[in-house]
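Hi,

Here is the structure I said I would pass on. Have a look at it first, and then read on for what turned up.

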Amino acid sequence: MESTADQASVVGEYDDALQALLQLLWGDGFLSPGGAEEIRRLLAGSDIRGCRVLDVGAALGAVDQLLVQEHGAASVVGVDVDPTMLRQLDERIARAGLSAQITSLCVAPGPLPVADASFDVVFSKDSIVQIPDKRALFSDVFRILRPGGRFIASDWLRGGSGDYSPEMAEYFRLEGIVYNMASMEESIAALQAAGFTDIEVFDRNKWYLELARRELDSLAGPMYPLLVERLGADKADHFVRNWRQLVLVVERGELRPGHLKATRPA
Ligand SMILES: C[S@@+](CC[C@H](N)C(=O)[O-])C[C@H]1O[C@@H](n2cnc3c(N)ncnc32)[C@H](O)[C@@H]1O
């Protein structure tokens with residue numbers, strides 16, 4: 001499926017093969033890079049102990065498990081548009097004995113069906129990139145946070161402006177996921193427009209470039225036989241091409257993961 005901007009995520013785009021690949025690279029239950037270590041970095045200086053957390057784009061739920069088990073969140077509502085992935089989240093959370101603290105909520109793209117001022121923290125790990133209207137999203141996040149509540153997210157941002165490069169268009173084509181990338185500046189402006197203060201941003205391009213290069217080396221090298229065994233040669237070769245293109249757009253600085261933090265004034 002070809003990816004275009006200003007389009008909501010398509011349910012089912014994370015098919016079994018893509019989910020399998022991403023978890024081989026990033027760990028069981030993770031569909032974004034960096035695992036527990038990157039969550040630790042994102043939460044450095046942001047204490048969420050005892051907080052009611054809503055996670056936008058929870059997918060398979062390994063992140064939500066960490067928010068409770070490692071970071072002491074009181075509860076997490078994991079929101080996603082994909083019911084199949086949320087079923088896996090529920091199973092994972094039940095196996096971990098955390099169903100009283102972590103629940104899932106399947107939503108349609110658009111305003112979140114949750115009450116005003118009902119969360120202490122809105123969290124997200126590399127999912128906002130899939131939501132086209134950042135201003136609408138951040139206004140909604142502001143609405144559901146209690147006064148003094150915090151927004152803490154990692155997002156896949158873009159460097160540059162205007163049309164995407166041909167390299168980026170080819171990356172989107174290979175990836176087959178609908179991405180709607182905002183720049184760091186656009187994200188800051190959208191947070192300000194929503195009313196947030198104490199906005200902090202942190203570029204993670206350099207970190208991800210090193211990691212993505214290692215991921216490519218692994219996919220094309222030691223992990224390749226396992227990929228062929230699990231997914232077949234065609235898919236394995238496709239994912240190696242996909243990662244070569246990913247490294248290229250991260251190298252160009254056109255794809256730049258970043259951390260975003262902001263506060264709803266008390
Ligand atoms: C790259 S995955 C990240 C998943 C998870 N946060 C993690 O780190 O493992 C992005 C997720 O965002 C979800 N998503 C896309 N559009 C969404 C929306 N409008 N609301 C909530 N989730 C959405 C996708 O279904 C997918 O599960």
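**Two positive phi values**

Let me start with alanine 59, which is buried, its relative accessible area being 9%. Keep in mind that this is a predicted model. You will find alanine 59 in the loop between E1 and H3. Its phi is near 55°, a positive value in a residue other than glycine. Most residues other than glycine have a negative phi, hence my flagging it.

Aspartate 198 is another one to look at: its phi is near 50°, again positive in a residue that is not glycine. Aspartate 198 is part of strand E6, residues 197-203. While alanine 59 is buried, aspartate 198 counts as exposed, at 54% relative accessibility.

**Either side of that loop**

What about the two elements that flank alanine 59? Strand E1 (52-56) has 4 of its 5 residues buried, so the rest of the structure largely encloses it. E1 runs parallel to E2, and 5 bridges join the two. One pair to pick out is arginine 52, whose bridge partner in E2 is serine 75.

Helix H3, residues 62-69, is also largely enclosed by the rest of the structure, because 7 of its 8 residues are buried. Those buried residues are Ala62, Val63, Asp64, Gln65, Leu66, Leu67 and Val68, so the list includes an aspartate and a glutamine. What do they pack against? The partners are helices H2 (35-43) and H4 (83-95), along with strands E1 (52-56), E2 (75-80), E3 (102-106) and E4 (119-125).

Following the chain past E2, you come to aspartate 82, in the loop between E2 and H4. Aspartate 82 is buried, with a relative accessible area of 5%. Leaving aside residues up to four places away in sequence, aspartate 82 touches Val11, Gly12 and Cys106. If you want a distance for orientation, the C-alpha atoms of aspartate 82 and serine 187 are separated by 25 Å, with their positions 105 residues apart along the chain.

**Nonpolar cores**

In soluble globular proteins, nonpolar side chains tend to be buried together. Here the largest nonpolar core has 62 residues, and the members that touch the most others are Leu21, Leu67, Phe123, Tyr208 and Trp243. Which helix gives the largest share of this core? That is H10 (residues 233-251), with 8 residues. Leu67 also appears among the buried residues of H3.

Leucine 21 is a good place to begin if you want to trace the packing. Its contacts, not counting residues up to four places away in sequence, are Leu219, Leu227, Leu231, Phe239 and Trp243. Apart from this core lies another, of 26 residues, including Val107, Val122, Phe138 and Phe142.

**Pockets**

How much volume does the largest pocket have? The figure is about 750 Å³. It is lined by 48 residues, and the closest to its centre are Val56, Gly57, Ser127, Gln130 and Ile131. Helix H1 (16-26), H3, E2 and helix H5 (134-144) each supply at least two lining residues, and H5 gives the most, with 3. By class, the lining of the largest pocket splits into 31 nonpolar, 9 polar and 8 charged residues.

The second largest pocket holds about 200 Å³ of space. Of its 14 lining residues, Leu25, Gly34, Leu211, Arg214 and Glu215 are the closest to the centre. H1, H2 and helix H8 (205-220) are the elements that give two or more residues to this lining. H8 gives the most, with 5 residues. Sorted by class, the lining of the second largest pocket has 6 nonpolar, 3 polar and 5 charged residues.

**One more residue in H8**

Is lysine 206, which lies in helix H8, buried or exposed? Lysine 206 is exposed, with a relative accessible area of 63%. From lysine 206 to glycine 78 is 29 Å in space, C-alpha to C-alpha, and 128 residues in sequence.

That is everything from my side for now.

Best wishes

Note on methods: Residues are numbered from 1 along each chain as its sequence is written. This is a predicted model: local features need pLDDT of at least 70, side-chain atom pairs count only at pLDDT 80 or more; totals for chains, interfaces and linings use all residues. Side-chain values use heavy atoms; hydrogens and water are left out. Buried means under 20% relative accessible area, exposed over 50%, partly exposed in between (1.4 Å probe, protein chains only). Contact means heavy atoms within 4.5 Å. On a 1 Å grid over the protein atoms alone, a cavity is a set of points where a 1.4 Å probe fits but cannot get out, and a pocket is an open set with protein on both sides within 12 Å along at least five of seven lines; lining residues have an atom within 4 Å of a point. Grid points are joined across faces, edges and corners, and a volume is the space filled by probe spheres set on the points. Ala, Val, Leu, Ile, Met, Phe, Trp, Tyr, Cys and Pro count as nonpolar, Asp, Glu, Lys and Arg as charged, and the others, Gly among them, as polar. A nonpolar core is a set of buried Ala, Val, Leu, Ile, Met, Phe, Trp, Tyr and Cys residues joined through side-chain atoms within 4.5 Å. Two strands pair if DSSP finds at least two bridges between them.
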